[in-house]
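Here are some exercises to work through with the model open beside you. Try each task before reading its solution.

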Amino acid sequence: MPIINTQSETTTSRAWLRNPAAWGGLLAICGGVFHTVVATLMRQDVWAQMVDDGFFNTVSLEPSADQLAAAEAFWFTVGSFGVPLLLLGSLVTWLNRRGERVPAWLGGGLAAWAVLIGMVSGFDGGTLVLLTIGALLAAGAWTQRRAPGLQPRY
């Protein structure tokens, strides 16, 4: 008989949606998908040229003048934070559905990073969405930690 319960049960009801971190996870998924898809569509002519030229090794960290468009398209689409944001949102949503608490430092770190980006490059829509995701994750950790009956499983 194990002393430590390592099994967590998936929440089948929609009760997990009451947690602000769940909304932060869903917003991160939507933001990651939106950024990656829209940015790819905005650069579809460059992607088509990259496929025609040969897809492998078309992007360099030190691009020449003729490779600059391909490098910019890569770093604006799949090389950006869109895909990791999608994965982070998926992880947060998965943890919430299992009843696990998302660490507050994750939301705080994401919010601090968004503030740094905003201070350097201005607070545009993407930066505000990133800041909102961080705040929701931190708020979800804070409210879940203080909720009666929710104790961490060790």
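The exercises below go from one helix to the core and then to the aromatic rings.

Before you start, note that this is a predicted model, in which local features need pLDDT of at least 70, side-chain atom pairs count only at pLDDT 80 or more, and totals for chains, interfaces and linings use all residues. Residues are numbered from 1 along each chain as its sequence is written, and side-chain values use heavy atoms, with hydrogens and water left out.

**Exercise 1. Helix α4**

Task: Check the span of helix α4 (residues 82-97), and find which side of α4 its buried residues are on.

Solution. Helices here are DSSP runs of H or I with at least four residues, numbered from the N terminus. The expected span is 1.5 Å times one less than the number of residues. For the 16 residues of α4 this gives 22 Å, and the end C-alpha atoms are 23 Å apart, which agrees.

Next, collect the buried residues, where buried means under 20% relative accessible area, exposed over 50% and partly exposed in between (1.4 Å probe, protein chains only). In α4 they are G82, L85, L88, G89, V92, T93, L95 and N96. These residues cover an arc of only 160° around the axis, which puts them on the same side of α4; the arc is taken from the directions from the helix axis to the C-beta atoms. It helps to recall that an α-helix has 3.6 residues a turn, so residues three or four places apart point the same way.

Finally, look at the end of the helix. R97, in α4, is partly exposed at 35% relative accessibility. Its C-alpha lies 8.7 Å from that of A15, although the two residues are 82 apart in sequence. After α4 comes G99, with a positive phi near 85°.

**Exercise 2. A positive phi**

Task: Locate N57 and decide whether N57 is buried or exposed.

Solution. N57 sits in the loop between α2 (44-53) and α3 (68-76). Its phi is positive, about 60°, although N57 is not a glycine. With 80% relative accessibility, N57 counts as exposed.

**Exercise 3. The core**

Task: List the residues of the largest nonpolar core and say which element gives the largest share.

Solution. A nonpolar core is a set of buried Ala, Val, Leu, Ile, Met, Phe, Trp, Tyr and Cys residues joined through side-chain atoms within 4.5 Å. The largest has 12 residues: A21, A28, L85, L88, V92, L95, V102, L110, A114, L130, I133 and L137. Two or more of them come from each of α1 (20-42), α4, α5 (104-121) and α6 (125-146). The largest share, four residues, belongs to α4. Another core, of five residues, lies apart from this one and includes V46, M50, A70 and A73.

**Exercise 4. Aromatic pairs**

Task: How many aromatic pairs does the whole structure hold?

Solution. Rings of Phe, Tyr and Trp (its six-membered ring) pair if their centres lie within 6.5 Å; planes under 30 degrees apart count as stacked, over 60 as edge-to-face and the rest as tilted. The search finds four pairs. One of them is F74 with W75, whose centres are 4.8 Å apart and whose planes are at 75°, so the pair is edge-to-face. For F81 and W113 the centres are 4.8 Å apart and the planes at 75°, so this pair is edge-to-face. F81 lies in the loop between α3 and α4 and W113 in α5, so the pair ties together parts 32 residues apart in sequence. W47, F55 and F56 form one aromatic cluster.
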